[in-house]
Amino acid sequence: MGGLFVAIGDSFTEGVGDWDVRHPNGVRGWADRVAKQLSKADPGSRYANLAIRSRRLAGVVEEQIGPALDLKPDLISFYAGGNDLLELRKDLGQLLQAYTEAVERLVSSGARVLLFTGFDVPMHPLLEPFKRRNWVFNEHVRQIARQYPDSVTLVDYWAWDAYGDRRMWDIDKLHMNRAGHRYMAIQILNILGVRHQLEFEPFGPSERVGLVQSVHRDVEWLRQWVLPMFGRRIRGVTLGDELQPKWPEPIRPADGMKKMYRRRRRPLHEN
């Protein structure tokens, strides 16, 4: 019987930006892609994904770590804290301590743990205060990875120049698009030393944008994405409030994830 890969976290791990209605919650993402390739290397391998968009670190710890560890994973990916960093009122020291305790809990399970730094996303000047918090958080993640060399594998997302290309990002500029998720899957598989069949599809030439058009895009981005995001935070609601985990119980990706999702959606009265 193959090993079990469990993914926990927020929108990054759920797959937001890699939109695909043939997958649960309308997204595919790097974790689904990694799981599929693991199943090609070992058809008996299994996969669960408990991540839900907009979850803060406390939500991931309270809702996902326990169920994930109950599944007895061989490999568990943990990406959380990014949504907390966007709250300047959130004490950074307390956040780092909570993150450390979460990692210690994961490591104590005996599973191989994948940790991630956050990418240094190019931000509008209005959002620059968040960047330093991201830098401090990333260095903390690296330090933890160094403490557990036999248990933790670091995915140093921050260091990858490829994500400096805006064509790796969705329209909201905060989530990777399909190309970004695919590249992430390739890098993770390479880090794990897993042979795979994924190839990165080269981009065409970059689109040249004039100053007026660039300003117009920034204004629209602030209006359509940034202001609504902070509005939801003020109201205490998130985009993940009505969602369930994509794959709460282990599946065998070798059996076909799209096929399993179609079967799951089929009304009970259908044969």
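## Helices α3 and α5

Helices α3 and α5 pack with their axes 11 Å apart, at an angle of about 5°. Since angles under 35 degrees count as roughly parallel, α3 is therefore roughly parallel to α5. The model described here is a predicted one.

On the α3 side, the residues that take part are Leu57, Val61, Ile65, Gly66 and Leu69. They meet Leu95, Ala98, Tyr99, Ala102, Arg105 and Leu106 of α5. Sorted by class, this contact of α3 with α5 has 9 nonpolar residues, 1 polar and 1 charged.

## Helices α5 and α6

Two packed helices are described by the angle between their axes and the distance between the axes. For helix α5, residues 92-107, and helix α6, residues 129-147, the axes come within 11 Å and cross at roughly 30°. This angle makes α5 roughly parallel to α6. The crossing in which α5 passes α6 is right-handed.

From α5, the contact is made by Leu92, Leu95, Leu96, Tyr99, Thr100 and Val103. From α6, the residues are Arg133, Val136, Phe137, His140, Val141 and Ile144. By class, the contact of α5 with α6 has 9 nonpolar, 2 polar and 1 charged residues. Leu95 and Tyr99 of α5 take part in the contact with α6, and both are also among the α5 residues that meet α3.

## Strand β1 and its partners

Strand β1 covers residues 4-9, and 6 of its 6 residues are buried, so the strand is largely enclosed by the rest of the structure. Leu4, Val6 and Ile8 point one way from β1, while Phe5, Ala7 and Gly9 point the other way. The residues on both of these sides are buried.

β1 pairs with strand β2, residues 46-49, in the parallel sense over 4 bridges. In this pairing, Leu4 stands opposite Arg46 of β2. β1 also pairs with strand β3, residues 75-79, again in the parallel sense, over 5 bridges. Here Ile8 of β1 stands opposite Phe78 in β3.

## From β3 to β5

The pairing continues from β3 to β4: these strands run parallel and are joined by 4 bridges. Phe78, which stands opposite Ile8, also stands opposite Leu115 in β4. Strand β4 spans residues 112-116, and 4 of its 5 residues are buried, so β4 is largely enclosed by the rest of the structure.

β4 is in turn joined by 4 bridges to strand β5, residues 152-155, and these two strands run parallel. The bridge partner of Leu115 in β5 is Leu154. Leu115 thus appears in two pairings, with Phe78 of β3 and with Leu154 of β5.

## Loops on either side of α3

Two residues that are not glycine have a positive phi: Ser54, at about 75°, and Lys72, near 60°. Ser54 lies in the loop between β2 and α3, the helix of residues 57-70. Lys72 lies in the loop between α3 and β3.

Is Lys72 buried or exposed? Lys72 has a relative accessible area of 66%. Exposed means over 50%, so Lys72 is exposed. In β1, by contrast, 6 of the 6 residues are buried.

Note on methods: Residues are numbered from 1 along each chain as its sequence is written. This is a predicted model: local features need pLDDT of at least 70, side-chain atom pairs count only at pLDDT 80 or more; totals for chains, interfaces and linings use all residues. Side-chain values use heavy atoms; hydrogens and water are left out. Axes are lines fitted to C-alpha atoms, for helices over the stretch in contact, and angles run from 0 to 180 degrees between N-to-C directions. Angles under 35 degrees count as roughly parallel, over 145 as roughly antiparallel, 65 to 115 as roughly perpendicular and the rest as oblique. A crossing is left-handed if the near helix is turned anticlockwise from the far one by less than a right angle, and right-handed if clockwise. Contact means heavy atoms within 4.5 Å. Ala, Val, Leu, Ile, Met, Phe, Trp, Tyr, Cys and Pro count as nonpolar, Asp, Glu, Lys and Arg as charged, and the others, Gly among them, as polar. Buried means under 20% relative accessible area, exposed over 50%, partly exposed in between (1.4 Å probe, protein chains only). Two strands pair if DSSP finds at least two bridges between them.
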